[in-house]
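Me: I should like to learn how to read a ligand site and a cavity in a structural model. Please take me through both.

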Amino acid sequence: MPANLTPQYLEAERRFRIAKTGPEKIEALEEMLAVIPKHKGTEKLQADIKRRLSKLRGEMQRKGGPQRAYLFSVDRQGAGQVVLVGPPNSGKSSLLASLTHALPEVADYPFSTRRPLPGMMAFENVRIQLVDLPPIAQDQTEGWVYSIIRNADLLMLVLDLQAPDLLEQTEILLAELEKARILAGDWPSKMEPDERGFWRKRAVLIGNKAEGRPARENREALAELYGQKLPFLAVSALTGEGLPELPAKAFQLLGIVRIYTKTPGKEPSFQEPVVLEKGSTVLGVAAAIHKDFRHRLKYARIWGQGKYDGQRVERDYLVQDGDVVELHI
Ligand SMILES: Nc1nc2c(ncn2[C@@H]2O[C@H](COP(=O)(O)OP(=O)(O)OP(=O)(O)O)[C@@H](O)[C@H]2O)c(=O)[nH]1
Ligand SMILES: [Mg+2]
């Protein structure tokens with residue numbers, strides 16, 4: 001064992017050893033990964049923790065896992081996983097109900113949501129997974145909620161624009177996330193903690209309950225205080241105001257592109273795009289279709305904005321949203 005493991009790390013490891021449930025183990029492993037000193041001497045150990053984490057997450061998502069554990073994790077589906085995060089009663093479940101076919105419990109009392117609930121939200125020809133979560137509240141949110149957030153692609157921070165203490169609620173929300181080592185901001189989401197042990201996650205502020213006059217004043221105050229740091233959208237799950245823009249915003253912030261593949265001499269199908277991270281190459285497209293194509297790809301032809309139709313491109317050519325790619329293997 002590397003000699004310079006900190007007391008903080010050893011404490012997390014102790015918690016891992018005595019953990020009984022999957023969510024408890026995942027939480028302890030995440031803490032270990034966050035606080036482990038990051039240098040050459042711990043590289044093997046870090047890799048080992050990551051392996052155990054992804055194995056546990058996989059186990060919990062398969063049907064074979066214990067029923068109870070299954071309730072605390074959410075199998076990723078569609079083009080990206082977006083989680084609804086916010087204080088009690090801000091309208092997270094209402095938004096899930098408005099944007100997907102899911103049927104969450106909506107109630108006028110706080111803490112009505114107890115378990116994660118996913119639904120699929122449509123944006124043009126892709127589907128984005130939206131996950132409703134229990135609220136974030138000082139010392140009242142169970143650890144597995146943060147584990148789900150750490151594993152998400154995008155956070156929708158849902159706030160109640162009609163709450164008299166809106167700004168305080170926003171501050172508390174961001175502070176609670178930070179306590180759980182989650183930094184919400186205008187940066188690409190990472191699935192692993194950074195050097196300082198923080199999960200950096202891209203976030204968008206959703207001011208819900210935007211209808212009515214008090215909301216209008218609050219909206220301005222929120223935009224003024226946080227608008228520089230975070231993208232901001234005002235919506236109302238009640239009247240539907242702002243909701244049509246929400247899926248497009250999520251798609252944009254997920255940082256993904258849709259590529260359509262075709263075989264020579266045939267028309268592409270525009271129904272089922274290959275979804276890839278922004279910054280992917282033609283080789284990435286090939287690898288997404290079949291892992292052998294990574295080695296066998298010779299070149300590609302491409303159609304899209306700012307290119308000649310059917311232009312021949314090499315393997316490292318960057319693809320853009322909407323491109324049609326013909327792979328030559
Ligand atoms: N006026 C107004 N009320 C809303 C709006 N959206 C939700 N509500 C109401 O706000 C209350 C809370 O809604 P929920 O969707 O249950 O809120 P939640 O954030 O899921 O609450 P928890 O699960 O307890 O964290 C309910 O009474 C909703 O009807 C809105 O846009 N405008
Ligand atoms: Mg709810």
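The dialogue below treats the ligand first and the cavity second.

Reply: This is a predicted model, in which local features need pLDDT of at least 70, side-chain atom pairs count only at pLDDT 80 or more, and totals for chains, interfaces and linings use all residues. Residues are numbered from 1 along each chain as its sequence is written, chains are lettered from A and ligands numbered from 1 in the order in which they are written, and side-chain values use heavy atoms, with hydrogens and water left out.

Me: Which residues come nearest to ligand 1?

Reply: A residue is near a molecule if one of its heavy atoms lies within 4 Å of it. Here 23 residues surround ligand 1, and Lys92, Ser93, Ser94, Phe111 and Glu211 come nearest.

Me: Which atom of lysine 92 is 2.7 Å from an oxygen atom of ligand 1?

Reply: A polar contact is a pair of N or O atoms within 3.5 Å. For lysine 92, an N or O atom of the side chain is 2.7 Å from a ligand 1 oxygen, whereas phenylalanine 111 places a backbone N or O atom 2.7 Å from an oxygen of ligand 1.

Me: How many cavities of 30 Å³ or more does a search of the whole structure find?

Reply: On a 1 Å grid over the protein atoms alone, a cavity is a set of points where a 1.4 Å probe fits but cannot get out; lining residues have an atom within 4 Å of a point. A volume is the space filled by probe spheres set on the points, which are joined across faces, edges and corners. The search finds 1 cavity of 30 Å³ or more, and the largest cavity holds about 140 Å³. Its lining has 13 residues, with Ile26, Arg57, Phe72, Ser73 and Ile148 nearest the centre.

How values were computed
Polar contact = N/O pair within 3.5 Å; in protein donor to acceptor, adjacent residues only side chain to side chain. 1 Å grid on protein atoms, 1.4 Å probe; cavity = no way out; pocket = protein on both sides within 12 Å on 5 of 7 lines; lining within 4 Å.
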